[in-house]
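Here is a short tour for a newcomer. Please keep the model open while reading.

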Amino acid sequence: MRCHQDEAAGYNHTGMAHAFYTPTAAVTIDSPAKTRTFFHEASSTWYSLTAHGGRFFERRWQRGFDGHDDNVEELSIDYVMGSGNHARTYLHREQDGTLIELPMAWYSENGGEFAMNPGFDNSAPMTRRVIAYECMFCHNAYPQIPPTAHRDLSAKPVYDSLPTGIDCQRCHGPGAAHVQAAEARASLDKIRAAILNPSHLSNDRQMQVCEQCHLETTSTLLPDRVRHYAREPFGYDPNKPLSDFNAYFTRDPAHGRTDNFEIVNGVFRLRQSQCYLQSKGALTCETCHNPYDLHKGPASAQYYANICLRCHANTIRNLVAQHKHSDSNQCVTCHMPQRRTEDVVHAVMTDHLIQRRAPTPNEALAPRKEAATRYEGPVLRYLLDGETLHPDDTLYTAVAQVIDKSNVAQGTPALAKLLAEQKPIAPSFYIELGDAQHQQRDLNAAIASYRRALELDPKSSRAARRLGVALGNVGQTSEALHVLGDAITREPQNELLLYERAQIETRSGDVASAEADLRTALALKPDYADALNNLGSLLAQTGNAAGAESSFRQALVVNPYNAGARANLGRLLTAKGSLVEAAFQLQRSTELAPNDAEARLDYSIDLLEAHHEAEAELQIRAALKINPASPRGLDLMGQLALLQGRSLQARAEFEAALKSDPNFGPAQLDLAETLLESGDVKSAIPWLERAAHSSSPAVAQRARELAGHLPPIDPGSSSQDH
């Protein structure tokens with residue numbers, strides 16, 4: 001700014017210069033909007049922006065069973081991502097140094113409005129989406145992050161310090177030597193030689209400087225790029241080819257669209273244009289865009305038209321003379337129209353596909369709903385101009401098939417074969433292979449892959465966590481605990497390792513150790529919703545109902561869309577006798593996880609207690625559709641039949657339940673009671689005897705009580721006869 005005041009002043013008007021900043025009233029509580037409270041219908045959640053204590057907050061809440069506000073959470077807005085030309089995303093800094101994206105965003109459309117961030121517009125939006133290094137890469141200058149020695153680059157993205165706004169070095173490379181040369185009054189040649197001037201690069205390399213952030217083949221899961229595993233997250237230097245940093249990928253046209261229009265694929269669209277293809281590399285981003293001289297609004301029309309006319313003046317002149325083209329300077333309006341993006345449905349952007357016939361405005365700007373689509377098919381390598389295949393290109397192409405599961409069935413064996421042949425030393429290849437094998441339930445193969453990754457990097461917490469989980473899943477508890485324990489010794493602050501060890505300890509019956517690990521994990525990350533839910537389950541098992549309820553409620557404040565926590569709280573409230581709220585929580589759980597048969601059955605019990613037999617029957621039938629052999633579901637159908645006076649049908653349901661599970665105590669007791677009611681004491685006795693030994697204390701006690709009131713049985717009859 002001291003030496004290049006004009007360039008700095010011009011750049012300061014661009015969105016890039018204001019891509020990341022700390023919040024003010026103007027961009028939060030005073031942002032123009034039609035309404036200050038936003039209701040997200042899909043998730044039945046309200047949002048608003050608030051301010052107190054000199055800070056700004058995003059508040060989220062729902063309506064509880066009694067109509068009052070419930071699951072209220074207010075998180076500070078510590079940073080804002082996005083210039084506001086199209087959108088602003090609010091970020092919260094967590095206790096552990098990570099950043100999370102808050103669900104509600106501000107959009108400039110319609111003069112300003114609030115709506116959900118991309119990926120959040122569904123019935124169960126994320127509440128803790130972490131800002132990965134890949135996100136920060138394009139939305140800010142390079143931050144300071146913890147040292148990467150003995151630390152997985154893909155591990156939790158922690159930021160030690162954060163600049164505000166994309167800086168000069170993103171395009172000009174490291175600037176310290178340049179500043180030092182200038183301050184030392186070195187020769188002009190030496191000063192210039194100490195910094196990159198992208199205009200001195202070849203056209204393809206100039207494009208790569210822009211492509212580091214503006215080339216995204218798709219924002220949906222593919223992946224669209226894989227950073228070379230030897231590169232650090234913020235290690236790109238524009239002095240070097242972009243292909244040394246990233247390998248890019250795209251869809252196979254035979255399996256998916258390649259004409260997608262998304263918010264960050266301007267270069268991808270441009271590169272499909274005939275103008276670009278026919279220029280043979282002469283057309284670049286800087287043909288139209290000067291980062292120090294921003295052109296916006298109505299006055300920019302002639303500026304961009306003049307650029308088009310450099311090549312098309314004679315053609316346009318002839319078409320105008322033939323009355324086949326308007327005498328207008330609106331080249332961009334017609335041939336690079338504004339369109340609503342497919343991935344950020346509240347944003348309208350310039351389509352950089354230069355097209356002869358543009359879509360109609362109604363088609364281009366029509367409202368969209370966020371689509372939850374994913375690509376399934378081969379992932380193809382996407383080469384930059386001037387790029388030749390990297391020596392490791394076959395490896396990255398193979399791993400790209402499985403990273404986002406786009407081509408996992410065919411890609412997994414192909415990647416395994418390639419790794420066996422080439423034996424790369426980067427552990428990430430083997431971790432991705434292990435993840436793909438784990439997903440396909442080939443746990444032994446996954447364990448072997450994770451072992452190899454851990455051999456290559458014995459201090460990799462990521463490899464250790466994956467290996468520990470896989471070992472636990474196949475019942476190798478001792479080794480799983482040993483692997484995770486070693487990793488925790490190296491990284492005692494890693495709450496993910498503690499959580500996974502607690503999972504294995506819980507399954508092995510070591511409740512005390514599991515509880516201790518969960519409490520340690522929560523001390524490190526108090527808003528770890530899954531850990532809160534699991535801690536609640538452990539406390540419920542040990543009879544600490546009050547502690548369990550507190551944990552479940554805390555989990556739901558963090559993540560009110562956690563179906564498991566809702567179901568657990570509902571069961572606890574049922575046992576406590578708070579049936580109205582219990583039914584509310586269980587109903588919400590079934591809405592969030594409709595395939596959870598057990599939650600539906602729990603809900604049906606509360607409905608039966610409230611004498612809502614018809615609704616209970618719907619839930620029981622839905623559960624039996626999910627699991628037709630459920631002894632609990634069949635038993636409940638029998639109980640329902642009894643309530644409706646259909647004793648023969650009830651007996652048939654109880655018998656079906658016992659055919660599914662002969663040791664299911666409640667059905668044993670229910671069948672015995674039904675037989676007793678019908679006067680068939682002899683047939684009831686064997687079922688009472690079995691029920692008296694049930695693992696359920698309540699069932700066993702009731703069976704013994706009934707047996708104690710039975711008349712003497714004919715000695716000639718034996719329970720074995722029945």
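Helices (H or I, at least four residues) and strands (E, at least two) are DSSP runs, numbered from the N terminus. This is a predicted model, in which local features need pLDDT of at least 70, side-chain atom pairs count only at pLDDT 80 or more, and totals for chains, interfaces and linings use all residues. Residues are numbered from 1 along each chain as its sequence is written, and side-chain values use heavy atoms, with hydrogens and water left out.

**Two open sheets**

Strands of a sheet pair through backbone hydrogen bonds, either parallel or antiparallel. Here, two strands pair if DSSP finds at least two bridges between them.

One open sheet has 4 strands, in the order 2-3-4-5, and its pairing is antiparallel. Strand 2 (37-40) and strand 5 (69-76) are its edge strands, each pairing on one side only. From one strand to the next, the twist averages 25°. Axes are lines fitted to C-alpha atoms, for helices over the stretch in contact, and angles run from 0 to 180 degrees between N-to-C directions. Strand 4 (residues 55-63) runs antiparallel to strand 5, and 6 bridges join the two. Arginine 59 stands opposite glutamate 74 in strand 5. Helix 22 (residues 545-558) packs on this sheet and touches strand 4 and strand 5. The direction of helix 22 makes about 60° with that of strand 5. Contact means heavy atoms within 4.5 Å.

Another open sheet has 3 strands, in the order 11-12-15, again with antiparallel pairing. Its edges are strand 11 (225-227) and strand 15 (379-382), and each pairs on one side only. Neighbouring strands of this sheet are turned by 35° against each other on average, direction ignored. Strand 11 and strand 12 (residues 246-251) run antiparallel, joined by 3 bridges. Valine 226 has alanine 247 as its bridge partner in strand 12. Helix 13 (residues 393-403) lies across strand 11, strand 12 and strand 15. Helix 13 runs at about 140° to strand 15.

**Helix packing**

Two packed helices are described by the angle between their axes and the distance between the axes. Helix 19 (residues 495-507) and helix 20 (residues 511-524) pack at about 160°, with axes 8 Å apart. They are therefore roughly antiparallel to each other. Angles under 35 degrees count as roughly parallel, over 145 as roughly antiparallel, 65 to 115 as roughly perpendicular and the rest as oblique. On the helix 19 side, the contact residues include Leu498, Tyr499 and Ala502. On the helix 20 side, they include Ala514, Leu518 and Ala521.

What does helix 30 pack against? Its buried residues pack against helix 28 (647-660), helix 29 (665-677) and helix 31 (697-708). Among the buried residues of helix 30 (residues 681-691) are Ile685, Trp687 and Leu688. Buried means under 20% relative accessible area, exposed over 50%, and partly exposed in between (1.4 Å probe, protein chains only).

**Loops and backbone**

Most residues other than glycine have a negative phi, and most peptide bonds are trans. Two residues with positive phi are listed here.

| Residue | Phi | Loop | Relative accessibility |
|---|---|---|---|
| Arginine 185 | about 55° | between helix 4 (176-183) and helix 5 (188-193) | 76%, exposed |
| Histidine 611 | about 65° | between helix 25 (597-609) and helix 26 (613-626) | 60%, exposed |

The peptide bond from leucine 222 to proline 223 is cis, with omega near 5°. Proline 223 lies in the loop between helix 6 (203-214) and strand 11.

Glutamate 109 also sits in a loop, between strand 8 (99-107) and strand 9 (113-116). Is glutamate 109 buried or exposed? At 18% relative accessibility, glutamate 109 counts as buried. Leaving aside neighbours within four places in sequence, glutamate 109 is in contact with Arg340, His346 and Val348. Histidine 86 is 23 residues from glutamate 109 in sequence, and 7.3 Å away in space, C-alpha to C-alpha.

**Cysteines**

How many disulfides does the structure hold? The structure holds 0 disulfides, a disulfide being a pair of cysteine sulfur atoms within 2.5 Å. For cysteine 288, the closest cysteine sulfur is that of cysteine 308, at 6.5 Å, so it is too far for a bond. Cysteine 334 is in no disulfide either, and the nearest cysteine sulfur, in cysteine 331, is 8.1 Å away. Cysteine 288 is partly exposed, at 23% relative accessible area. Cysteine 334 also counts as partly exposed, at 43%.
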